[in-house]
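Q: I'm new to this structure. Please take me through it, one topic at a time.

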Amino acid sequence: MIISLENIYKYYNGNQVLRNISLTIEDNDRIGLIGINGSGKTTLLRIITGDELPDKQPEPNTERISVNKNVTIGYLAQNSGLDRDNTIIGEMKGVFSGLLETAQRLRELETIMSQPDSHNDEIKYKSIADEYSRKTAYFETNDGYIIDVKISKVLNGMGFPQEMHERDIKTLSGGEKTRLALAKLLLENPSLLILDEPTNHLDFNTIMWLEEYLQDYKGALLIVSHDRYFLDRLTTSVCEIERGTLRRFKGNYSAFTVQKQAFNERRMKEYLAQQEEIAKLEDYIAKNLVRASTSNMAKSRIKKLEAIKRVEKPVMYEKQAKIKFEYDLVPPVDLLAVKNIDITVGEGNDKTTLVESLSFSIRRGEKVAVIGSNGIGKSSLLKIIQRKLPCSHGIIEWAKNVRISYFDQENAQLSMNDTVIDAIHKRYRTMTEQTIRSLLGCVRLTGENVFKTVGVISGGERAKLCFALMMLERGNVLILDEPTNHLDIDTKEVLEDALCSFDGTVIFVSHDRYLINKLASRVIEITDNSAESFEGGFEGYLSAKKERGAENERIVTEEKAGYEKPQDDEKSVKSYRTREQRSADAKKRQRIRELEDEIDKLEAIIIKLQDEMAMPEVCADYQLMQEKYGQLEEYRKLCSDYTDEWAELCDN
């Protein structure tokens, strides 16, 4: 057990945020924590980390927080701090400051022990030798010899190549700082790793690397995320905070959605049955309480009514956002043709070309996801095809009757000084306040929120305001730049349903793989100098990439093996395949024998290296010890790869 919470309550300004929360986190748990914006997720995380205390309650609801004294808790908040004046590599090495100090002390002890007069005082020499032995054991146990390997692996995986390692942190962008804070936390390797929206500011490659890294993580994970694909890949249970209470479900996010629906349906039946029973009791009491002959029976019904533990009505029946996109004009089938355009950013001497000679086309009714690495120019491309940014050369041809409705992730179309209601009224003067408030209610902007200025409402609320404006625009082409970035999961699902049911054209940039997989009929990947199209959603894109990788490997293998093309006639083809199969079988048997020989040699080398590392003269030489440790890891990896290949060949 890492931590156990019981009877946790929390209030803010008299409003109850958390109610009777109980949660136990075990050593290898993989927990997803979800809930709508403002449900109390961050508050619970702060209580777990000790940054905030729960509110006291009278008996028997006394709160209890038990933390295993041997565990460490690492928390990646949405705005983690770093030392701005440090370098990237310096910040990462700070994680291992204790081990690096030990390494320095080992070198000092080696120098002392190498001096001739150090042996004169036997007691002092023994004390130094004992300290050296203890520190060496500590250094080896904590993988001190591969600190640089660990740092390089994590930094490269998080998008910081070798040439960036000496850069000052203050020169990094906000997204880069977030990625670096996550890299630092991964290197710290806490017993419980708490991640709050870890996939924000990450591109596909980095997210997939992070997923693979976390799948092998030795400690427990507690993840707050709106990335449902990420939750599906990593979690084995999902905790949902709803109306201040926490409920835990087994399985990943997809399993949670099924269980939650069944739970809500069951609770609704219980709620309706209880309401019927309550109505009968209240009716009986109203009719019989004033009659002398039946008043005692009515009073017993009152006691029964008071003793009933009320079932709350499930949240599924609460008012949800209602987003629906419609249009009036139907454009031609061949909607958009883009030919040989450049994606450029900046002006004058600062002008940079990101992609050259880009071409693609889009047909009416397609739902096209545009993906690519961070900084490749996806958002700029959306603006260029709308002519919001200049196109230096090439052709952008839109068909007639095209009406575009655009969602900008920066919400640049909104004035931060306008109130929410004025943001619509200034564009549609003839709309009454009641009509505007009704529209805003559809996106769950209600009550006093409609009179707040746009600058003070949350990012998710600003996105909802933009969706309300898009519904009024009635565009037959929707262009969206990261539309789900600030939305809670419930609103994401409402938006997805609205976009899926929209029979017009959708062109969108997104890192939300769940959205891409559900919505996209086609994926366009932007690389340095090309755009490539893949049919289907994100799974289709991954499948095509894997097939291409396998095909490339096959071609390389065949070229190495001296592949010869078969003759055109059927007899030659049949004969060739027979010879090819015989040749392949012979090569497989030969490869198995080669692998067995190589594995035997490597195992002998590994044993020899382990014996050498146990020698006192090697242990006393830090540099030699680090070199041999690196060789050992290299040979172990090679032996493991050969063994996997041998097993695969034997199975086929």
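**Helix crossings**

Q: Is the crossing of α5 and α6 left-handed or right-handed?
A: The α5/α6 crossing is right-handed (the near helix is turned clockwise from the far one by less than a right angle; anticlockwise would be left-handed). Helices here are DSSP runs of H or I with at least four residues, strands are E runs of at least two, and both are numbered from the N terminus. This is a predicted model, in which local features need pLDDT of at least 70 and side-chain atom pairs count only at pLDDT 80 or more, while totals for chains, interfaces and linings use all residues. Residues are numbered from 1 along each chain as its sequence is written, and side-chain values use heavy atoms, without hydrogens or water.

Q: At what angle do the axes of α5 and α6 cross?
A: Roughly 145 degrees, and the axes of α5 (residues 147–157) and α6 (residues 174–188) come within 10 Å. Axes are lines fitted to C-alpha atoms, for helices over the stretch in contact, and angles run from 0 to 180 degrees between N-to-C directions.

Q: Which residues make the contact?
A: From α5 there are Lys-150, Ile-151, Val-154 and Leu-155, and from α6 there are Leu-180, Ala-183, Leu-186 and Leu-187; contact means heavy atoms within 4.5 Å. Seven of the residues in this α5/α6 contact are nonpolar, one is charged and none is polar. In this scheme Ala, Val, Leu, Ile, Met, Phe, Trp, Tyr, Cys and Pro are nonpolar, Asp, Glu, Lys and Arg are charged, and the others, Gly among them, are polar.

Q: And α3 and α4, how do they cross?
A: α3 (residues 97–114) and α4 (residues 122–141) have axes that come within 10 Å and cross at roughly 145 degrees. The α3/α4 crossing is left-handed.

Q: Which residues of α3 and α4 meet?
A: On the α3 side they include Leu-99, Leu-106 and Met-113, and on the α4 side they include Tyr-125, Tyr-132 and Phe-139. By class, the α3/α4 contact has twelve nonpolar, two polar and four charged residues.

Q: New topic: pockets. How much space lies in the second largest pocket?
A: About 950 Å³. A pocket is an open set of points on a 1 Å grid over the protein atoms alone, with protein on both sides within 12 Å along at least five of seven lines; a cavity is a set where a 1.4 Å probe fits but cannot get out, and lining residues have an atom within 4 Å of a point. Points are joined across faces, edges and corners, and a volume is the space filled by probe spheres set on them.

Q: Which residues are closest to its centre?
A: Asp-143, Ile-146, Lys-150, Lys-153 and Tyr-213, out of 28 that line the second largest pocket. The elements giving two or more residues to that lining are α3, α4, α5, α6, α7 (204–215) and α20 (622–651). By class, the lining of this second largest pocket is 13 nonpolar, six polar and nine charged.

Q: How many cavities of 30 Å³ or more are there?
A: Two. The largest has a volume of about 50 Å³, and its lining includes Phe-407, Ala-463, Glu-482 and His-486. That lining has three nonpolar, four polar and one charged residues.

Q: What is the volume of the second largest cavity?
A: About 30 Å³. The residues lining the second largest cavity include Tyr-327, Asp-328, Arg-403 and Arg-474.

Q: On to strands. In what order do the six strands of the open sheet run?
A: β5-β6-β7-β3-β8-β9, with mixed pairing; two strands pair if DSSP finds at least two bridges between them. Its edge strands are β5 (73–76) and β9 (245–250), and the twist averages 15 degrees from one strand to the next. Within it, β3 (residues 30–34) and β8 (residues 237–242) are parallel over four bridges, with Ile-34 partnered by Glu-240.

Q: What order do the three strands take in the open sheet?
A: β2-β1-β4, with antiparallel pairing. β2 and β4 (64–67) each have a single partner strand, so one side of each lacks a neighbour in the sheet. The twist in this sheet averages 25 degrees from one strand to the next.

Q: What do β1 and β2 form?
A: A hairpin with two residues between the strands, and Asn-13 in the turn has a positive phi of about 50 degrees. β1 (residues 3–12) and β2 (residues 15–25) pair over seven bridges, and Tyr-12 stands opposite Asn-15.
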